[in-house]
Every structure is written in structure tokens, then in C-alpha cells.
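Take a walk through this structure, one strand at a time. Keep the sequence at hand as you read.

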Amino acid sequence: MRAEIQHLVEETKQSVGLLRRHLDWDTAQRRLAELNAQAEDPNLWNDADAAQKIMRERTSLEDQISAVKRLEQDLEDAVTLIELGEAEEDEATIQEGEEIIRNLQAEAARRQVETLLAGEADANDTYVEVHSGAGGTESQDWANMLQRMYARWAERRKYKVELLEITDGEEAGIKSATLLIKGLNAYGWLKTESGVHRLVRISPYDSNARRHTSFASVWVYPVVDDRINIEIKESDCRIDTFRSSGAGGQHVNTTDSAVRITHIPSGIVVACQQERSQHKNRATAWNMLRARLYEAELKKREEKASAEAAAKTEIGWGHQIRSYVLQPYQMVKDLRTGAQSTSPQDVLDGDLDPFMEASLAQRVYGGDAEVEDID
């Protein structure tokens, strides 16, 4: 077996071993057996909240245990496949086995990062808000590109994406949009994306083909499930209704069905125009407000809360967390971790995992990096 592949095999074994230790393998097996027994109890759903908690834990634990078993078996099978190919001098079989090992190593590394998702709301679905900065059409187009980037990232992970609110720009792009992304650990993965994102490119809207810098902000907050009680006084809120806007056709509503709620003490504003029913939009907007207030409380518990809050105060230079340069060269660089990519188009098509993994690791293990921005 070639040295490179042997190294990947050892790396994968180490990653799987760390996954086993993180799970506390024997304890995890016993706990899963207990949860399976509870799931078969006909009285389980007498208490719906308790039942949902048990089923969530069971699903998560079952996924982790089965993944470790599958990784170990698939790795053993791939090594055997390579050995058979070498014995028969079958290069195609050897390459097939090597490709399997590369994929297994990548999956094991990804699952190792997922063990960092142990925050209170990390497993929850999430809202992603995108807002354009100053700069008119340029920044509004950039905000639209970011909205598409996060939708593509979610689709790559087989998450469900819903567009809850969108405000179109005057000429192109969007002023703001809110996505609801549903899937296990959606908030945990996306939570480090909050902040200002900077784009440098030759403007398609400039007849002189000059280089422009645009800014847009992203804010991520978790969907609050029934386990978390967030009380909101209706007297603290202002509720406005307005007509939905959109690209035309079925997106245009002739009644004031869209709902905007302003929480006066905090200044938080949420809006929903997804449904034609004002009642449904109002219910979704209340859920979004609960989620924003919960996310605000989570931020207070984190050491970096003040820095992150300051980063949101202005959508402009000096506050960005990541820069995307399309001209005169190709580079995406995270200014917190130093993670970078020389393929911006792949990143804008949703290839965000390396940046998220680096940010998650930095949050858990510390070690803030001194990173210079790019021109």
C-alpha cells in the first residue's frame, strides 16, 4: 500500500478512535439500549415533551454509534480491496479502494468536528438573516449572493431551507432576507457565521469596470423549541402589517398579510411574509422573536459576546469577519482563524465547511489568531 494511503488509513483510525472515546463507547451502548426500551413503552407519549426529548437523544446517539461502526467496517473493507488489487495487479481496484479511504478520512474528520457541537442550542434548526450594507445596488447584490451561498450550503447537507422574508433592492439584489434552515446541528454549524462579510470585485454595475468593495451582514440565531421557555410581554412589542413584496407572480400578495414585530426594550425587529395568511405569518414572527431573544441571552453567556455585538453595530470596514476577493486575484480569507480558499466560486456555491470547522475549533480550544485582511 502506498505511503500516502497508509497515512490516511492511520489518520482515519485515529479519528474513529477519538469518536469512540468522545462517546464513552460502553456507556453509549448501554444508554442506547435504555432509550430503545423506553421508546417501546406504550405509555411513553403520555408526556409528549418527555417523549420528544427521549426520541431526540435516541436518534442522535444511534446516528453516532452507527457511524463509528460503519466507518470501521468500511475502512477494513477498503484496505482489503486494495490488498486484493495489489495481489492481482489490478490498478482500477486499487484506485477504487484508495478513493474510498479518502472519503472515509474526510467523513471521520467531519464527524470529529461535530463532537464540538455541544452547546445548549447547537442541535436546533436555525434562522439566518442577511442584510445589505451601505452602497446601494452593489451591497444589495452582495447580500443576495450571501443568501444563495447559505441556501446552497444547506442543500449540500440535505437540510431543508425556507425563505421566510425578503425585501428586494431597488435595481438588483436584496436589502434583507431571512432563511429558516432545518436539520440536525444546523445552528451549531452556522452560529460562527454571524458578522460582516466583505466582497471585492469588478462591479458588473459600473460601466467603467472599476473595482468595488461591498459589505453585508449575517446574523444567525437558533429556533427555540418547546423545551426552552421565553416569555415576551405583548405590551413590549409593536406589530405592523404590510403587503408582501417579491419578484412578481405568485410572490405578490394583494392584502397586508406580511407581519413585522418590533420588540421595543431590545430593539429587535423580525418579519415574515412567507404565507398568504396573516395569522400564520404572525405565528412565525413570534417564534422568530422568541428565537432572537434566546440567542441574545446565549450571547451574554459567551466570553466573546461584547466583541460580536460590536461587530454588528456597523456594516462596513473594520468589522468584517471574512473577505471574498474576486479580482484581481481569487481568495476568500477568514479574519478570525486565517482559514482561506483560492476558489471563491466554490465557497459561494456553499463550500463553507472548512471555515466553519476552523471557527468551531477556535471557539472550543481558544487561540485567537492575528490575521491580516486582504486587499
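A residue is called buried if its relative accessible area is under 20%, and exposed if that area is over 50%. With that in mind, look at W153 and Y159: both are buried. Bear in mind that this is a predicted model.

Start with strand β1, which covers residues 126–132. Of its 7 residues, 6 are buried, so the rest of the structure largely encloses β1. Which strands pair with β1? One is strand β3, residues 174–182. The two run antiparallel and share 6 bridges. Find V130 in β1 and look across to β3: its bridge partner there is A177. Another partner of β1 is strand β5, residues 211–222. This pairing is antiparallel too, with 7 bridges. Here E129 stands opposite W219 of β5.

Now turn to the aromatic rings. A pair of such rings is described by two values, the distance of the centres and the angle of the planes. The model holds 3 aromatic pairs. In one of them, Y127 and Y221, the ring centres are 5.1 Å apart and the planes meet at 35°. Is this pair stacked, tilted or edge-to-face? Stacked needs an angle under 30 degrees and edge-to-face needs one over 60. The angle here is 35°, so the pair is tilted. The two rings come from distant parts of the chain. Y127 belongs to strand β1 and Y221 to strand β5, with their positions 94 residues apart. Are these two tyrosines buried or exposed? Y127 has a relative accessibility of 4%, so it counts as buried. Y221 is at 0%, so it is buried as well.

W153 and Y159 also form an aromatic pair. Their centres lie 5.7 Å apart, and the angle between the planes is 75°. That makes the pair edge-to-face. As noted at the start, W153 and Y159 are both buried.

Go back to Y221 for a moment. The residue R292 lies over the face of its ring, 5.0 Å from the ring centre. An arginine is placed over a ring elsewhere too: R260 lies over the face of F242, at 4.3 Å from the ring centre.

F242 and R260 lead us to another group of strands. Strand β6 spans residues 237–242, and strand β7 spans residues 258–263. How many bridges join β6 and β7? There are 6, and the pairing is antiparallel. F242 has A258 of β7 as its bridge partner. On to strand β8, residues 268–272, which pairs with β7 in the antiparallel sense over 5 bridges. R260 has its bridge partner in β8, namely A271. β7 and β8 form a hairpin with 4 residues between them. In the turn, G267 has a positive phi of about 80°. As for β7 itself, 5 of its 6 residues are buried, so the rest of the structure largely encloses this strand.

What about the cysteines? C237 is at 12% relative accessibility, so it counts as buried. C272 is at 0%, so it is buried too. The count of disulfides is 0.

Last, visit a helix. Helix α4 runs over residues 91–114 and contains E98. Is E98 buried or exposed? Its relative accessible area is 6%, so E98 is buried. What does E98 touch, apart from neighbours within four places in sequence? Its contacts are R2, I5 and I82.

How values were computed. Residues are numbered from 1 along each chain as its sequence is written. This is a predicted model: local features need pLDDT of at least 70, side-chain atom pairs count only at pLDDT 80 or more; totals for chains, interfaces and linings use all residues. Side-chain values use heavy atoms; hydrogens and water are left out. A disulfide is a pair of cysteine sulfur atoms within 2.5 Å. Buried means under 20% relative accessible area, exposed over 50%, partly exposed in between (1.4 Å probe, protein chains only). Two strands pair if DSSP finds at least two bridges between them. Contact means heavy atoms within 4.5 Å. Rings of Phe, Tyr and Trp (its six-membered ring) pair if their centres lie within 6.5 Å; planes under 30 degrees apart count as stacked, over 60 as edge-to-face and the rest as tilted. A charge sits over a ring if NZ of Lys or CZ of Arg is within 6 Å of the ring centre and within 35 degrees of the ring normal.
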